[in-house]
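Here are some exercises, each with a worked solution. Take a look at the sequence and the structure, then try each task before reading on.

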Amino acid sequence: MGMTMAEKILSRHSGNGRVRPGDIVVCDVDKIIQIDLTFSATAPMPKRIVDPGKIAVILDHAVPAPTIADAEGQSIARKFVKDFGIDKFYDLGRGGICHQVVLENGLALPGQILTCTDSHTCASGAFNCVARGMGPLEMLQIMCTGKTWYQVAPTVRFELSGRKPPNVFGKDVFLHLADIAGSVEGHNIEFGGPGVAELTLDDRATLATMAAELSAEFATFPADNKVAEYLRSVTQEQFDPAESDADAEYAATYPVDLSQLRPYVARPDFIPHNTLPVTELGEDVPIDQAFVGSCANGKLEDFRVAAQVVRGRKIAPRVRFIVTPSSQRVLKEAVRLGYVETLLEAGAMVTNSTCGACYGGHMGVVGPNEVCITSSTRNFKGRMGSPSARIYMASSATVAASAVAGRICDPTAYLGDEV
Amino acid sequence: MSNSDPLVVQGRVWLFADDNINTDLMMPQTVFAKSLEVQLRHVFATYRPGWIDEVRPGDILVGGRNFGTGSSRPGSMLLKRLGIAALVAETINGLFYRNCVNYALPAMECSGIRTLVNEGDTLRVDITHGSVENLTRGQQGNGVRMPDFLQAIVRAGGIMERLKTEGYL
């Protein structure tokens, strides 16, 4: 039998030949991403590190610092970067959310292994990179030794075909997968099939990022020409993609015809098996807050679509619409292309790039009994603020349309013919 | 029980039977920058108010499917600091399982464990062999033994102790 993408990458990095589900392998890690939250007055710091060239430090969750403790942690991060001579440092105003910064700058490359404390690190699988979240202590170990262990997991494959209708976005595709497959804890996710070529890199990144919500270990896409072309425009570093073998073994394969999909929504508290087409929601849900942002959906495509929906319209009275870019680069482009102006004219609030409201940190925390619709990453009870708030999740188009309507609604009528 | 192997333990069961019990319930964002003492007071504080006053060192936590789903915040470290001797769940989220190993919290998946125990039962857990025995009911079950490579990390006291020994910290 052959190997999946993840199995091949783990095999190459461990010096083992063929690896199989259940094997434990010790691998050299190519890229080590540290975020602001891992630096604090109490966090242990290493005396020596493996290789400053493998490490990037990206300040993203609590920026600009909302508390003194956050500000102190960020000072410690700056000192760490200086002391160890780390070139890849993305301070406030020069970076953004770590996963977006990693993809934009070609830090995650096909065939590589990347680690970061954030649980949505599987985002880099969009570029055929084996990437996952680790605890802060394990990240410390990897900074010191350059190595960690993986238990090879069985893989679930989504075989994509067809082309999405214009009112369907990467988030809708994901929410559909969550409906058909549910939670896949203990398994990798692999995306394949002719439908991959039809997805933009932003859509692939959304899908890989959101795989964390199905509790996937890794989520990998093949590195096709679109990926290679993009990476050649941002990095000189060589890479060696891993394709899955035709006779690779999968725990399950789900065929997905993209052309049959519709706008989806997730109900509050959890995503697996808790999603449905928005037209079938079956309840009138007035909202207090609409949020577009996060590593999953604060991308240029999200700004474009949100602006498209609200152009010439106003956000509903008593509803607040917060839009947070996933990077400084996204924000600059969104300003240049006029999306930000359109959003501001409609009454939206556009913030700096940060994880912000997505993790309930700052800049959009929701209050008791409020209802929020979000295109961010996670809808656990209490995730974005009060445990009594209800968090629905949908595409940025559906979020923007709901912000205008004042209640959760299908975005199709708002998208017009241009999309 | 006088057994020096941290991977073979016996203790009183707390049953957290729901599926998908997440890290945010163990360690809400609001306590990220707070002291360990404050963080410990918030473990399951909204999910199961009062539990923190009743749990004792040596107790065993029994969970449902996908226990510990969510983020990398070290909920397992807080359970360890509360003195939880072992976690046995129907299935354990991959990131959470790594954090259990790294913070030296013995953890094991065991299909059917929820129906094998009632809260308050005495459970014997042998993670080296992948077996459980409900001493109150006299029933046995089989789980997934922890691989030797990971057992060594737990026995060493977790990653932090290893890094200190090797001179990195």
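**Exercise 1. Work out which way the residues of strand β3 of chain A point, and whether they are buried or exposed.**

Step 1: Strand β3 of chain A covers residues 55–58; strands here are DSSP runs of E with at least two residues, helices are runs of H or I with at least four, and both are numbered from the N terminus.

Step 2: I55(A) and V57(A) point one way, while A56(A) and I58(A) point the other way.

Step 3: All of these residues are buried, where buried means that 20 or more other C-beta atoms lie within 10 Å of the residue's own, exposed means 12 or fewer, and partly exposed is in between, with C-beta atoms placed from the backbone.

A word on the model: it is predicted, so local features need pLDDT of at least 70 and side-chain atom pairs count only at pLDDT 80 or more, while totals for chains, interfaces and linings use all residues. Residues are numbered from 1 along each chain as its sequence is written, and chains are lettered from A and ligands numbered from 1 in the order in which they are written.

**Exercise 2. Find the strands that pair with β3(A).**

Step 1: Strand β2 of chain A (residues 31–35) pairs with β3(A) in the parallel sense over 4 bridges; pairing requires that DSSP finds at least two bridges between two strands. Here I33(A) stands opposite A56(A).

Step 2: Strand β4 of chain A (residues 88–90) runs parallel to β3(A) and is joined to it by 3 bridges. In this pair, I58(A) faces Y90(A).

Step 3: Add helix α2 of chain A (residues 68–83), and β3(A), α2 and β4(A) make a right-handed β-α-β unit. Right-handed means that, with the strands pointing away from the viewer, the path from the first strand over the helix to the second runs clockwise.

**Exercise 3. Put the strands of the open 4-stranded sheet of chain A in order.**

Step 1: The order is β10-β9-β8-β11, with parallel pairing.

Step 2: β10 (219–220) and β11 (252–257) of chain A are the edge strands, each pairing on one side only.

Step 3: Strand β9 of chain A (residues 188–192) is joined to β10(A) by 2 bridges, and I189(A) has A219(A) as its bridge partner.

**Exercise 4. Describe the side of chain B that touches chain A.**

Step 1: The contact takes 29 residues from chain B and 36 residues from chain A; two residues are in contact if their C-beta atoms, placed from the backbone, lie within 7 Å.

Step 2: On chain B, α5 (94–102) and α8 (159–165) are the elements giving two or more residues. α5(B) gives the most, with 5 residues.

Step 3: Look closer at α5(B): 9 of its 9 residues are buried, among them F96(B), R98(B) and C100(B). After this helix comes A104(B), whose phi is positive, near 65 degrees.

**Exercise 5. Judge how compact chain B is.**

Step 1: Chain B has 8 helices and 7 strands.

Step 2: Its radius of gyration, taken over C-alpha atoms, is 15 Å, close to the 15 Å that the globule rule (2.2 Å times the number of residues to the power 0.38) gives for 169 residues, so chain B is as compact as a globular protein of that length.

Step 3: Buried residues make up 46% of the 169 residues in chain B.
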